[in-house]
Amino acid sequence: MKPHPELQQFLAQRQTRRTFLGRTAQGVGALALTSLLNPTLLSAGAALAQKDKWKGVVNPLDYPQKVKRVIWLSMAGGPSHLETFDSKPKLAQMHGQPMPASFTEGKQIAQLQGQKLVCFGPQHGFKKFGRNGTEICELFPQIGSVIDEICLVRSMTTEAINHDPAHMFMNTGSQIAGRPSMGSWATYGLGSESEDLPGFVVLTSLGQGGQNQPIAARQWAAGLLPSRFQGVHLRGKGDPVLYLSSPAGVTHAQQKDVVNTINKINAKYDTIVDDPEIATRIVQYEMAFKMQTSVPELMDLKPEGAKMLELYGCQPGDGSFASNCLLARRLAERGVRFIQLYHKDWDHHGGVKDGIRLKALEIDRACMALITDLKQRGMLEETLIVWAGEFGRTPMSQGGDGRDHHNAGFTIWLCGGGIKPGFVFGATDELGYSAIENPVDVHDLHATMLRLMGIEHTKLSVKFQGLDVRLTGIAGKSIEEILT
Amino acid sequence: MSTELETIVFFLRPRQIEKNRTQFMDDLSRLRSIVCRSIVLMFALSTVGAEKPSYNRDIRPILSDNCFHCHGPDQKTRKGKFRLDVREDAVAKNAIVPGKPEESEVIARIFASNPDDIMPPSEAHKVLTTAQKELLRRWIADGAPYEKHWAYVPPVKSAIPAGKNPIDALVRQRLRQVGLKPAPPADPRTMVRRLYFDLIGLPPKPEEVEAFAKDKSPDAVSHLVEKLIASPQFGERMAIGWLDVVRFADTIGYHSDTPRNVWPYRDYVIKAFNENKHFDVFTREQLAGDLLPNSTLEEKVGSAFNKLLLSTEEGGAQPKDYEARMLTDRVRAVSAVWLGQTIGCAQCHDHKFDPIKQRDFYSLGAFFADIDEPIIGGRGPGIAVPDDQQAAELKRLTQARTRAQKAFDAPNESWNAAFAVWEKVQAEAAMQEQRWTALHPITAVATSGAKLQIEATNSVLAKGKTAETETYTLTFSNVPPGIVGLRLEALPHPILPMKGPGRDAAGDFNLTRVTVKVAGTNRITFNGARADVEGDLSSVINENAAETSKGWSIETQTNQAHQLILGLTAPLTLASNEMLMLELQQRQALGNFRIGFTTNTEALTGPLRFPPAKEISDILVISADKRDAKQKETLFAHFKSIAPETTKARERLADARKARQDYEASLPHCLVSSTNAQPRTVRILPRGNFLVETGDIVSPALPVYLAGTNTTGRRLTRLDLANWLVARENPLTARVVMNRLWKQFFGLGLSRVVDDLGAQGELPPNQPLLDWLACEFVDSGWDMKHMVRLLVNSEVYQQSSVSSKKLRARDPLNRELAGQSRWRLDAELVRDNALAVSGLLVEKIGGPSVKPYQPDGYWENLNFPVRSYDATPGPDQYRRGLYVWWQRSYLHPSLLAFDAPTREECAAERNRSNIPQQALVLLNDPSYVEASRALAVLALKDGGADTKARLTWAWRQVLSRAPRADELKTMQALLDKQLAEYRADPAAAQALLKIGLTPAPQTTDQSELAAWTNLARVLLNLHETITRS
């Protein structure tokens, strides 16, 4: 006798899918039918959908909620900390000399396996910014201009050292496929405030340097959580959401008639077979139809005006990281819980000097704009922004002008509600190899993020294959030192 | 009688009907949040009754979930040095004093009020309910009897009263115990649809529904079952679940997620189900088909199972890392597919809930250490998998090749004669070559500024600038004493125009003057020049001759080496500090050349012919009688490979080889298992860390907790593993497979957690039923069709699925089977159904995976290489869902929306979600729009004369029943409106009808067809359409 996996399943999946709505045949069926017969709008259905909203399993919250949402800027490919946020004068001095073995022994190495390891000095200068004179690479003056809002973590580590497993680990806390992504956890835990958009949205952009590593859709998959928590990829080209547009030759009004007819017949059928799933399906069709309007509206940046576009440095429809940052703000305004941006092309095995310059042009202004814009609107204090690659890069040279993957120490930054602004946490050794002061791992980062959202990470779990599966695995500790 | 079901009832039923909706929902979401997070508050209520607590049913779940993490099998995390999973230990430590709860430490601790004493401790975030505590107390009072975990004890076959279907008997028995009544049989229309969807995954045609409804014989169902089980679509239907659980996919999974050849394995699975390959054989072939004596092609293809794991081609992947990943991937797969064990945790430590040791995990992984494969990188094409016809053709081509080879190898007098001539000429050339020594220039400069690059072979390659006239100046030291001649070799090179040797556009050059000087002295004079291509050589060497545009050039003989030999008037010996300077004046410059010297006057008159490659020349310079047999053979083979006399035979052989090779490459291929005589060393990796190489080395061994100690004198193989999995004494395999089979026909497993029959899984409420099925499966010789027949011919299966609120309240998940269940069709079947009812479906079995329409750019985040997606043209566009290209990292979005798993990991269970993306797919995916149009065409063509008849026809076609009056009215209203709109906008009608590869008939009224297309879209979107009931 062991009801809990079952109850869990039953409640997390069936209830999640709002099946209980239809438990009284006269309930949803009748209500929805009324709404369908009444052409004023799908108002009754919408009202139902509203009531039926997933409010999250963390209720009440474990901690006071510092942020309502997360905007996670995934710098895909693995940015070099040594040309961005971690100044290493000693490495510059050692340029061209053998990397002391004491730094590298027993550590994972990717493409440099078995090769001679040579120190490779930082390829760009660093400058002091902000009231504390925080040193960051001079290629990022815009980020420098808002450095007093930002908390740098210079002691990040991860377990994986190849792109795919490292992304999986950064997103799901596991290197095994099939675990829920952090955005799925967040929406599962808290629900979403959005009326007509998914709670977890993903945007991707390409860099111009040509090092665009692949990203698998599993990075935003709900894994073992119900599908409704999966991230929805908003695409820059074609339908922003897959299959969003009505077929050619079908007007919006005609599509509405089709949807209404489907729902009307389904509602009637429910009165005969009394199947709770039918009410859910009716709500889903209404949601889908609403998305056909709400998503194109969301994606249209023209109403933002020239000044706003100038702030971000983007043009409508250019598919750039900057555009995606602006979209992230629009998604945040609409109550989306977890917004994840992937910007690719950080994989500088070669040509790191020019490559970083290109990346700086692509992200520097946009990051500043996002922070500034949110702050102006009073939204920064209720938003957590995380800027992080899946790993960093070696202090050793690869091929004379590049850097290899590196997981023993790199830099990320956080910004927004509950985060100490203008703060630097942790440090790598003098050559930028290992995090030696206050090392932070991925589970810690996840725990911190959940904590800011009001969730104790050890309590947010789901039974799967006999285990209490958590985003933080069996580890993780919130980084209290960086919290206000 | 208390059951879990009542706890759910307790939990869900109250006030449900009386209370208004809002309040009910608020209650639910509040309860939901409590339940999802703290799990078990209510189930203890179920057993607060008179009945004695049972260890397996009541106690183990509490201990496993709350205590074993720290007081269980894993000694590394064990606290307080005692364990509760082994009775002796618990009793020895007084944790449990049988019969005396008041003296038991466990009871003291769980009832403790002091936060420092209470168990489980607060940091575990586990809270025992009062009822659970009470249960534990009663159990100890009863003497604390332990039981072995139910699934590790061999199943016992219950006796069934004669003449009864055992399934019916066992379910009814249970229903009587819990006080429920079976539902009436389903109506014929529901029954026929259920059987079609469950057994072949396709809807019945209206005439098939009618025939079944008319068949009043008692055998109507079993006749239909026999017909469906015998149809080739049965294998397709059964394959879907198996392909999920073995994680079959067309791509490798990690990073670049590139394609690999495994689809013949999918066809193998379909065929196995169709031919009712018994499950023990099926198991052996998949794990060890390659190890079976004289294994057949089919058995080898079965062994592709071992290649279905994730692999990587990412640069910088570390072999030890992926070796560990692959081992654990395979262990997880075998455990999931056959044992229903979630053994993955034992990668890093002994299992916390089940008695699985880390050693068991790696020993199981060691069974696969013999598989021959690269750890990182491409897997290659695999072996050719021809069908019978293709195999015959391949045999024919192989024989042709053998014949051509024989002809080429046969003794041939005329070739021997030609060889003798050739050998003489070439031997001379080889001797001549030996007389020359190439020298390495110290400097090489061009007046034009071109870069002269001196190569390791002593040749000089010109790059960069060109000029109308050009002079190269080369200097040499260490020139041997007494040189009598110089040689200039003009050599081809891939970077030169026409491959050179010259730099002009035609690959030619024109050497007009050669001057040799010893630095600081007079020039050296020549007494003659010879070249393999004639030119005005005298002007080249005569310093007094007027330099003309004529000199030495090679005209059109590009891409070959040429030579110019220059004789010195007198032998030359340089002093040790002297340098030789060579000037080459040219009109069109040389691109690649080499300078050589000779001290042998014979070299000046020897042949102007380059000898064959060094390894041949080295033989040629040996006199014929001193060559050994191998050298002779090499020489003759070389001759045959180039001689004009052998051209015909050679080409015939090359053609025959190529024909066979091309044909073989064009055949389907499949990755299969093969064994390497040197298995990889498998070590226990402490905490799963592949960087630590200090763990014990292990050999293949069966899990000790299931098989006992099982070392033998020899290394166990994958075949031993397979044999054990399907051995009668294995308590798990048959239960696991039957539990999954049950799920296919009843919606849920008899043990609910189908992928875990371990301690954290569920003791099946009707264990006698699962055990009976497991025993019968083994007794029948692992006969899958037999078991399917038993299931679907039972009355339990044939019950109505229309439930009542009252029943749902008592048994919300239908665990007691007082009725059938209803569920949304699986992703592939949603597609199959639309294609079938619209007449588009192409019922071909097997073959390469197909690509249905997919939104542009969906693969934009794939790379290495960047990929475009081209929808499959022709009939293959309309194949069933199980043939859709399975791209792990970007599964086809319409399948994904309906919860098809990506198959990166074994998936015994699919979500059955109900999300907006499903609506978007059915409404807007061109596959469904095209199917709607095709259905509309059929309705207009075959549906009858008037609208009502046509609507009724379409309705029957999709739903196997006539529409009700209100449904007709609703449809008619939509149709009228759409028709008027398309009449007003014919261009819109055209646009809609253009969707899809199949052109719409132009003869039909386009506006009418468009309106009907939207009507058909409604039909394909209906809940009833995509529901199996």
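# Exercises on a two-chain predicted model

B:E489 counts as buried because its relative accessibility is 5%, where buried means under 20% relative accessible area, exposed over 50% and partly exposed in between (1.4 Å probe, protein chains only). This is a predicted model, in which local features need pLDDT of at least 70, side-chain atom pairs count only at pLDDT 80 or more, and totals for chains, interfaces and linings use all residues. Residues are numbered from 1 along each chain as its sequence is written, chains are lettered from A and ligands numbered from 1 in the order in which they are written, and side-chain values use heavy atoms, with hydrogens and water left out.

## Exercise 1. A salt bridge and its strand

Task: Determine which side chain meets that of B:E489 in a salt bridge, and describe strand β7 of chain B.

Solution.

Step 1. The partner is B:R487, with N to O at 3.4 Å. This satisfies the rule for a salt bridge, a side-chain nitrogen of Lys or Arg within 4 Å of a carboxyl oxygen of Asp or Glu. In general, side chains of opposite charge can pair when their charged atoms come close.

Step 2. B:R487 has 3% relative accessibility and therefore counts as buried.

Step 3. Strand β7 of chain B covers residues 483-490, and eight of its eight residues are buried. Strands (E, at least two residues) and helices (H or I, at least four) are DSSP runs, numbered from the N terminus.

Step 4. Two strands pair if DSSP finds at least two bridges between them. β7(B) pairs in the antiparallel sense with β11(B), residues 562-572, over seven bridges; here B:L488 stands opposite B:L564. β7(B) also runs antiparallel to β13(B), residues 592-598, with six bridges joining them, and B:R487 has B:G596 as its bridge partner there.

## Exercise 2. Salt bridges between distant parts of a chain

Task: For the pairs A:D373 with A:R329 and B:R247 with B:D329, state the N to O distance, the location and the burial.

Solution.

Step 1. The side chains of A:D373 and A:R329 meet at 2.7 Å, N to O. A:D373 belongs to helix α13 (residues 352-376) and A:R329 to helix α12 (residues 321-333) of chain A, 44 residues apart. Both A:D373 and A:R329 are buried.

Step 2. In the pair of B:R247 and B:D329, the closest N and O atoms are 3.0 Å apart. B:R247 is in the loop between α12 (233-245) and α13 (263-274) of chain B, whereas B:D329 is in helix α16 (residues 319-339), 82 residues away. B:R247 and B:D329 are both buried.

Step 3. A:D373 and A:R329 also belong to a salt-bridge network with A:E304, A:R330, A:E333, A:R334 and A:R377. Over all chains the count comes to 87 salt bridges.

## Exercise 3. The interface

Task: Describe the contact between chain A and chain B by its residues, its buried area and its salt bridges.

Solution.

Step 1. Chain A contributes 116 residues and chain B 124 residues, contact being heavy atoms within 4.5 Å.

Step 2. The buried area is about 10400 Å², and carbon and sulfur atoms give 56% of it. Buried area is the accessible area (1.4 Å probe) that two parts lose on being put together, summed over both.

Step 3. The rule finds seven salt bridges across the interface. B:K805 and A:D274 meet in a salt bridge through their side chains (2.9 Å, N to O).

Step 4. On the side of chain A that touches chain B, α9(A) gives the largest share, 14 residues.

## Exercise 4. Two threonines

Task: Decide whether A:T411 and B:T681 are buried, partly exposed or exposed, and list their contacts beyond four places in sequence.

Solution.

Step 1. A:T411 lies in strand β11 (residues 410-416) of chain A. Its relative accessibility is 4%, so A:T411 counts as buried.

Step 2. The contacts of A:T411 are A:H81, A:F85, A:D86, A:L152, A:V153, A:R154 and A:W387.

Step 3. B:T681 is found in the loop between β14 (669-670) and β15 (682-683) of chain B. At 49% relative accessibility, B:T681 therefore counts as partly exposed.

Step 4. B:T681 is in contact with B:E323 and B:I697.
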